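Open the model in your viewer and keep the selection box handy. We will go from stop to stop, and at each one I will say what to select and what is there.

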Amino acid sequence: MRDGIELGAVLYLPAGAGRVPAVMEMTPYLADNAHAVGIEFAREGLAFLAVDCRGRGGSGGEFMQWVNDGPDGYDAVQWIAEQAWCDGQVGLFGGSYTGWNQWSIASQLPPALKTIVPSAAFMGGVDIPHGGVGSPYMYRWRVTLKGHHISWNLAADTLIFNRLQGELYRRHGSLLEVPGMLGFEAPGWEDDLVATGWGPIWEARRPSPESLRRLDIPVLSLTGMYDTCLPGTLTHHRRYDEYGGERARRQNYLIIGPWDHRGMRGTDRVYALQFGPAAKVDLYALKRRWYRWVFGLGDKPEFLDARVKHYLCEADEWRGADSLEAICGAPRPLFLASDGHATDVFHSGWLADAAADTPADRFVSDPFDFRPLETERRLSRSPQLDSHSDAIFPRAYNSLFFIQGGEDPTNAVFCHNIFGQGVIYHSAPLEAPIDLVGEPELRLWLSCDAPDADLCVLLYEVLEDGSTVFLSSDLLRLRHRDGSTEGVPMPPETPTEVRFRSFRFATRRLLRHSRIRLVVRATACSFMQKNLNSATPVHLQQPEEARVARIEVLHDRAHPAALMLPIVQ
């Protein structure tokens, strides 16, 4: 590197091929874990270099998440292009963190870089924290990457983390205490809780608009409806569309499948949710063909017959358009109404085509109620059906944090266990199938007697047989309802319009006789930063500040509340 640090790597070359294009993945998860991928690229006639990030595996220096990957990646790309086995063309590969760092490296504009192919690309401040709500999952992830090795077994011990986080939750402790409790320091972890998702900390971890304006390479982004990093991937794609030039936009491709974060190989199942045969796509083969096309060694993959492709779940078909906006449906409102007691799935309010004049519903955000934690703890002892045999973190839990992130889409446990901390609304049975494609929005009028509270919104399809399928979700810390870093406390007991604008992208055909279920509830989860509902910044709140927030959801003539669904006609 430019400062003299050396990075370790594993190089895979096609035998006797001479000078060939090269693909690099710069990974914090150790280069050896990319072995099978490297073999496949070499068989395809391409060089593949798996590089340990600075401070990881065989690389010198200290690993600092989000900091060194861009400059180090620039140096590595240019180094590769100068080697005797490379023809001067380099592409990038990887997913999740190595999806994010492809964008970071590309923003440095290395001349030899010809393409990036980010899968499930994380974006801090969009995926986590979402809506201003932090999560100790970020600490767990940092512990995994401590030093030069990988702490898979520690990070995978869900019961340890549930116990530590549950103890803090019960005594209103700050998540900043977690490193001391576990005995593993994680420098920079504080930023994941102090920063709300907006502002300079997160902007520094994203390609700048200026660099995107100068970037002019083909990009193939991939994500899934149940991918934890779906919002981040779409944000990366949209920013390149927004800031890149016309030529860049023409080369900015996006695939949205039905997959989850660990299913980005193109599987046809997410936990217990089975898709049709069209869902199963060999994404690794597709990527290799993409690289060959960009490098001038083959034709463009037939699958990419449109700039944006998405899989419509239940219809089992792929659809395409020239832009993300073009595939989305037009907003159709369903108005909230109730008899004032929409407290559970059996006594819910309703979603109607016309606005109503009905009494408000009431629920609480209660930091003293530990029943939601007991649900999480009790169910975490039973292993869940997992669609991936090579899972890094075993999914032996029922966590609101993971479910709202797209994990375990047939699990409705947090609809049935509300404990007075939420309200539920159902539509009438659908008279005909409808195609839901895009990001919903929820427009509420809320009255709250506390300065703040954290709310989660869950959207489900309830099938004719009573089973459920997760569609979308959103999170919001009420003080950040205007999207600002500083936040504005809720005015006491004053009807206030609150819009949930950051729902996950959904693409599914809703069946005839299905109902739509909307759940608005307090977060109450050990994997989410606990809000004591005071005006103090959440990471600085003290136990004595804890208070019950009493919340009203209004839906009368003066305060119409509506769920906006993107429906394709």
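Select Glu314 to begin: at 41% relative accessibility it counts as partly exposed, a class lying between buried (under 20% relative accessible area) and exposed (over 50%), using a 1.4 Å probe and protein chains only. Glu314 sits in the loop between β10 (308-312) and β11. Its phi is near 75°, a positive value in a residue other than glycine.

A word on what you are looking at: this is a predicted model, in which local features need pLDDT of at least 70, side-chain atom pairs count only at pLDDT 80 or more, and totals for chains, interfaces and linings use all residues. Residues are numbered from 1 along each chain as its sequence is written, and side-chain values use heavy atoms, with hydrogens and water left out.

Next, select Tyr271, in the loop between β8 (269-270) and β9 (273-274). Tyr271 is not a glycine, yet it has a positive phi of about 55°. Is Tyr271 buried or exposed? Its relative accessibility is 2%, so it counts as buried.

One more backbone stop: select Ile128 and Pro129. A cis peptide bond joins them, with omega at about -10°. Pro129 belongs to the loop between β5 and α4 (137-144).

**The whole chain**

Now zoom out. The chain holds 17 helices and 24 strands; these are DSSP runs numbered from the N terminus, helices being H or I with at least four residues and strands E with at least two. Along its principal axes, the C-alpha trace spans about 75 × 55 × 45 Å. The radius of gyration is 24 Å, which agrees with the value near 25 Å for a compact globule of 569 residues; the radius is taken over C-alpha atoms, and the globule rule is 2.2 Å times the number of residues to the power 0.38. Buried residues make up 62% of the 569 in the chain. Take the contacts (heavy atoms within 4.5 Å) between residues at least 6 apart in sequence: 75% of them join residues at least 24 apart.

**Two helices**

Select 69-81 to see helix α2, whose 13 residues should span 18 Å at 1.5 Å a residue; the end C-alpha atoms are 18 Å apart, which agrees. The expected span is 1.5 Å times one less than the number of residues. Of those 13 residues 10 are buried, so α2 is largely enclosed by the rest of the structure. Among the buried ones are Asp69, Gly70, Val77 and Ile80. Show β2, β3 (47-52), β4, α3 (97-106) and β5 as well, since what covers the buried residues of α2 includes these elements.

Then select 283-294, helix α13. Its 12 residues reach 16 Å from first C-alpha to last, close to the 16 Å expected. Which residues of α13 are buried? They are Leu283, Leu286, Lys287, Arg288, Trp290, Tyr291 and Val294. These pack against several elements, including β2 (20-27), α1 (35-43) and β7 (252-260). At the N-terminal end, Asp282 caps α13, with a side-chain oxygen 3.4 Å from the backbone nitrogen of Tyr284. Just after α13, Gly296 takes a positive phi of about 80°.

**A buried asparagine**

Move to strand β7 and select Asn252. Asn252 has a relative accessible area of 0%, so it is buried. A polar atom of its side chain lies 3.1 Å from the backbone oxygen of His237. Beyond neighbours within four places in sequence, Asn252 is in contact with Val219, His237, Tyr240, Asp241 and Arg307.

**Rings**

Colour the aromatic residues for the last stops. Rings of Phe, Tyr and Trp (its six-membered ring) pair if their centres lie within 6.5 Å; planes under 30 degrees apart count as stacked, over 60 as edge-to-face and the rest as tilted. The count comes to 33 aromatic pairs. Phe41 and Phe48 have ring centres 5.1 Å apart and planes at 15°, so the pair is stacked. Phe48 is buried, with a relative accessible area of 0%.

Trp259 and Trp318 form a tilted pair, 5.9 Å centre to centre with 45° between the planes. Trp259 is in strand β7 and Trp318 in strand β11 (residues 317-321), 59 residues apart. Both belong to a cluster linked by ring pairs, along with Tyr226, Phe275, Phe303, Tyr311, Tyr460 and Phe470.

Technical notes:
Polar contact = N/O pair within 3.5 Å; in protein donor to acceptor, adjacent residues only side chain to side chain.
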